[in-house]
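Work through the exercises below with the sequence and the structure at hand. Each task is followed by a solution in steps.

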Amino acid sequence: MLDRKYIVDNADQVIRNCTNRGVSCDVPKLVELETARRQCLINVEELNRQANERSKLIGKAKDNDEREKLKEEGRKLREQKEAAQAEHHRLETPAHALHLVIPNMTHPSAPVGGEHDAAEVALGVRQALALRHAAEMGADADGDEPVFLALLGAVGIGRRCPLRQ
């Protein structure tokens with residue numbers, strides 16, 4: 001899954017990738033929602049900072065009137081923070097739904113298109129011999145238990161492993 005920051009910063013590449021992969025998704029809408037969500041989060045953090053600042057000043061207040069004034073300011077800031085946080089959560093739900101549809105970026109060497117555009121990859125000599133050996137060894141020595149060949153890495157070393165039925 002691509003990071004949302006990457007999607008916002010590279011929207012054109014992500015759109016092109018979605019088109020190449022044949023995936024229908026609304027990347028511009030996600031960018032819009034994510035930008036608004038980030039701004040909302042910044043607002044929540046700022047309101048929280050201001051409310052905490054007011055709370056610290058309450059203990060330093062000289063008289064009861066000033067203390068009550070600071071408490072009221074703190075309450076208003078916390079209410080504003082709660083409203084901004086609710087807006088953040090409201091934006092998160094559709095942004096998350098759009099984010100789930102966006103595929104990972106494909107490798108630059110991957111062919112664009114469907115199955116008919118796929119490139120045939122040649123096997124190395126060791127891999128080809130190992131696959132040929134696997135085809136010939138369709139049964140173990142008794143001839144009654146099917147086996148497969150497990151290729152170990154790029155060196156093409158194989159081992160016979162019985163299949164469990």
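**Exercise 1: A residue of helix α3**

Ser-55 is a residue of helix α3. The model is a predicted one.

Task: Decide whether Ser-55 is buried, partly exposed or exposed, and state how far its C-alpha atom lies from that of Arg-75.

Solution.
Step 1. The relative accessibility of Ser-55 is 41%.
Step 2. Buried requires under 20% and exposed requires over 50%, so Ser-55 counts as partly exposed at 41%.
Step 3. Along the chain, Ser-55 and Arg-75 are 20 residues apart, and their C-alpha atoms are separated by 9.7 Å.

**Exercise 2: The overall layout**

Task: State how many helices and strands the protein has, and in what order the elements run.

Solution.
Step 1. The count is five helices and two strands.
Step 2. Read from the N terminus, the order is α-α-α-α-α-β-β.
Step 3. The protein has 165 residues, and 22% of them count as buried.
Step 4. Taking contacts between residues at least 6 apart in sequence, 53% join residues at least 24 apart.

**Exercise 3: The two sides of α2**

Task: Find which residues of helix α2 are buried, and what they pack against.

Solution.
Step 1. Helix α2 spans residues 11–21, and its buried residues are Ala-11, Val-14, Asn-17 and Cys-18.
Step 2. These residues lie on the same side of α2, because they cover an arc of only 125° around the axis.
Step 3. An α-helix has 3.6 residues a turn, so residues three or four places apart point the same way.
Step 4. Asp-12 and Thr-19 are exposed on the other side of α2.
Step 5. The packing partners of the buried residues of α2 are α1 (4–9) and α3 (27–60).
Step 6. After α2 comes Gly-22, which has a positive phi, near 75°.

**Exercise 4: Three buried residues**

Task: For Arg-4, Ala-61 and His-88, give the place in the fold, the burial and the contacts. Residues up to four places away in sequence are not counted as contacts.

Solution.
Step 1. Arg-4 is in helix α1, and a relative accessible area of 11% makes Arg-4 buried.
Step 2. Arg-4 touches Glu-34, Arg-37, Arg-38, Glu-92, Ala-95, His-96 and His-99. With His-99 there is a polar contact, side chain to side chain, at 3.4 Å.
Step 3. Ala-61 is in the loop between α3 and α4 (64–101). Its relative accessible area is 9%, so Ala-61 is buried.
Step 4. The residues that Ala-61 touches are Glu-66, Arg-67 and Leu-70.
Step 5. His-88 belongs to helix α4 and is buried, with a relative accessible area of 11%.
Step 6. His-88 is in contact with Arg-37, Cys-40 and Leu-41. Arg-37 is thus touched by Arg-4 and by His-88.

**Exercise 5: The largest pocket**

Task: State what volume the largest pocket has, and which residues lie nearest its centre.

Solution.
Step 1. The volume of the largest pocket is about 220 Å³.
Step 2. Its lining is made by 13 residues, and those nearest the centre are Asn-17, Asn-20, Arg-21, Thr-106 and Val-112.
Step 3. By type, the lining of the largest pocket has five nonpolar, six polar and two charged residues.
Step 4. Asn-17 appears here in the lining and is also one of the buried residues of α2.

Terms used. Residues numbered from 1 in each chain as written. Predicted model: local features only at pLDDT ≥ 70, side-chain atom pairs only at ≥ 80, totals over all residues. Heavy atoms only, no water. Buried < 20%, exposed > 50% of the residue type's maximum accessible area, 1.4 Å probe, protein only. Helix = DSSP H or I, 4+ residues; strand = E, 2+ residues; numbered from the N terminus. Arc of directions from axis to C-beta. Contact = heavy atoms within 4.5 Å. 1 Å grid on protein atoms, 1.4 Å probe; cavity = no way out; pocket = protein on both sides within 12 Å on 5 of 7 lines; lining within 4 Å. Points joined across faces, edges and corners; volume = space filled by probe spheres on them. Nonpolar A, V, L, I, M, F, W, Y, C, P; charged D, E, K, R; others polar. Polar contact = N/O pair within 3.5 Å; in protein donor to acceptor, adjacent residues only side chain to side chain.
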